[in-house]
Structures are given as C-alpha cells and as structure tokens.
Amino acid sequence: MQVTPLIWLITIGVTILFFVYEFFAHVRKPHEPGIAESARWSAFYIILAVLFGVGIGVVSGWTFGGEYFAGYLTEKALSIDNLFVFLIVMTGFAVPKMYQQKVLMIGIIIALVLRGGVHRHRRRSDREFLVDFLHFRRALACPGLPAGVRRT
C-alpha cells in the first residue's frame, strides 16, 4: 500500500490539532488529575485509535487494518515501560503533580519531533545515520545528567 503525501499531511495535521486542543483545553490549567479524569481521557484516545484502525480496515482492507492493530497493541504494551521512566524522571526532578501533565506533553512533543527527524533521514547511508543516532543519544542523555548529581 502506498500512502500518499496528502494522507500523511492530514494525519500529521489532525495529530497537531489534538495536541493543540489538549494543551489549550486541558493541560494549560495546572491541576492534579484524578483517576476518573485520567480514565475518561484514556478511554477517549483508545476509542479514537480503534476507530482509526477500523477506518484503515474499511478503506484499505483488513490486512492493513490488522497490521495497524498489531502495531497499536505492540506500542501500547511497550508504553507501559515509559510509565516507569516518567515516574523516575518526574520524581528525580521533583516536578509538582499539578505540572506533570504539561511536562509530559512537552516531552512527548519533543520525542515525536526527534523521532520524525530520525525517520526523515532513514534513507541516508548507515554511517551518516550512526552519526545522527549518536547525536540523538547525546541529546537524550544530557537532560538526565542533573539527576545524577547529589542534592545537598
């Protein structure tokens, strides 16, 4: 299946719109989210992902729909690891609970931009990719350095 540039632009545009909506309607006002609020947002995004997968299945065939759902479930399972990383980072930097949503959103946006940069350059030679990867690793490691310094 060949995905047209128009489909990519629409997908990226809708994703950006969700981030903008999430920021201005929800994250901009610092607060500690409760279990009920977190469950509602999780359910909303899971339903949205399922509808997107059904859309792929209907429009492009269920082979591609099945591949989407396999990828979605894999990413969902792997994202559980990130919860522990977020817990360590938020605790290590002593981020107040009311600001953790904003910090998390900024981190997700940075990760998406960096991931997009890596994918954009994926057709370059392996040597050039290795150099980019090492720069990417350094960029990820630098913010963590203060966490290793003891506070007195």
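Start by selecting Glu22: this residue is buried yet has no salt bridge, and the nearest side chain of opposite charge, Lys29, is 11 Å away. The model on screen is a predicted one, so every value in this tour is computed from predicted coordinates.

**Stop 1: around Glu22**

Keep Glu22 selected and colour helix 1, residues 5-27, which is where Glu22 sits. Now add Tyr45 and show both side chains. A polar contact of 2.8 Å links the side chain of Glu22 to that of Tyr45. To see the rest of the surroundings, add Val27, Trp41 and Met105; together with Tyr45, these are the residues in contact with Glu22 once neighbours within four places in sequence are left aside.

**Stop 2: the whole chain**

Zoom out and switch to a cartoon view. The protein chain has five helices and zero strands, and the pattern along the sequence reads α-α-α-α-α. Colour by burial next: of the 152 residues in the protein chain, 9% count as buried. If you draw the contacts between residues at least 6 apart in sequence, 51% of them join residues at least 24 apart.

**Stop 3: the loop after helix 1**

Select Arg28, in the loop between helix 1 and helix 2 (35-60). Is Arg28 buried, partly exposed or exposed? Arg28 counts as partly exposed because its relative accessible area is 44%, and the partly exposed class runs between the 20% and 50% cut-offs. Show Phe23 and Lys102 as well, since Arg28 touches both, not counting residues up to four places away in sequence. Then pick the C-alpha atoms of Arg28 and Tyr99: the two residues are 71 apart in sequence, and these atoms are 9.3 Å apart in space.

**Stop 4: the cavity**

How many cavities of 30 Å³ or more are there? The count comes to one. The largest cavity holds about 30 Å³ of space. To find the place, select the lining residues: Val27, Lys29, Pro30, Met98, Tyr99, Gln101 and Lys102. Two of these names have come up before at Glu22: Val27 is among the contacts of Glu22, and Lys29 is the nearest side chain of opposite charge to Glu22.

**Stop 5: Gln101**

From the cavity lining, select Gln101, which is in helix 4. Gln101 counts as buried because its relative accessibility is 18%, under the 20% cut-off. Which residues does Gln101 touch, not counting those up to four places away in sequence? Show His26, Val27, His31, Pro33 and Glu37.

**Stop 6: Leu104**

Stay in helix 4 and move on to Leu104. Leu104 counts as partly exposed because its relative accessibility is 29%. Add Phe86 and Met90, which Leu104 touches when residues up to four places away in sequence are not counted. Val89 makes a useful distance pick here: its C-alpha atom is separated from that of Leu104 by 10.0 Å, with the two positions 15 residues apart along the chain as the sequence offset.

**Stop 7: Ala94**

Finish at Ala94, in the loop between helix 3 (62-92) and helix 4 (100-120). Look at the backbone here: Ala94 has a positive phi of about 50 degrees, although Ala94 is not a glycine. Most residues other than glycine have a negative phi.

Notes. Residues numbered from 1 in each chain as written. Predicted model: local features only at pLDDT ≥ 70, side-chain atom pairs only at ≥ 80, totals over all residues. Heavy atoms only, no water. Helix = DSSP H or I, 4+ residues; strand = E, 2+ residues; numbered from the N terminus. Buried < 20%, exposed > 50% of the residue type's maximum accessible area, 1.4 Å probe, protein only. Lys, Arg positive; Asp, Glu negative; His and termini not counted. Salt bridge = Lys/Arg side-chain N within 4 Å of Asp/Glu carboxyl O. Polar contact = N/O pair within 3.5 Å; in protein donor to acceptor, adjacent residues only side chain to side chain. Contact = heavy atoms within 4.5 Å. 1 Å grid on protein atoms, 1.4 Å probe; cavity = no way out; pocket = protein on both sides within 12 Å on 5 of 7 lines; lining within 4 Å. Points joined across faces, edges and corners; volume = space filled by probe spheres on them.
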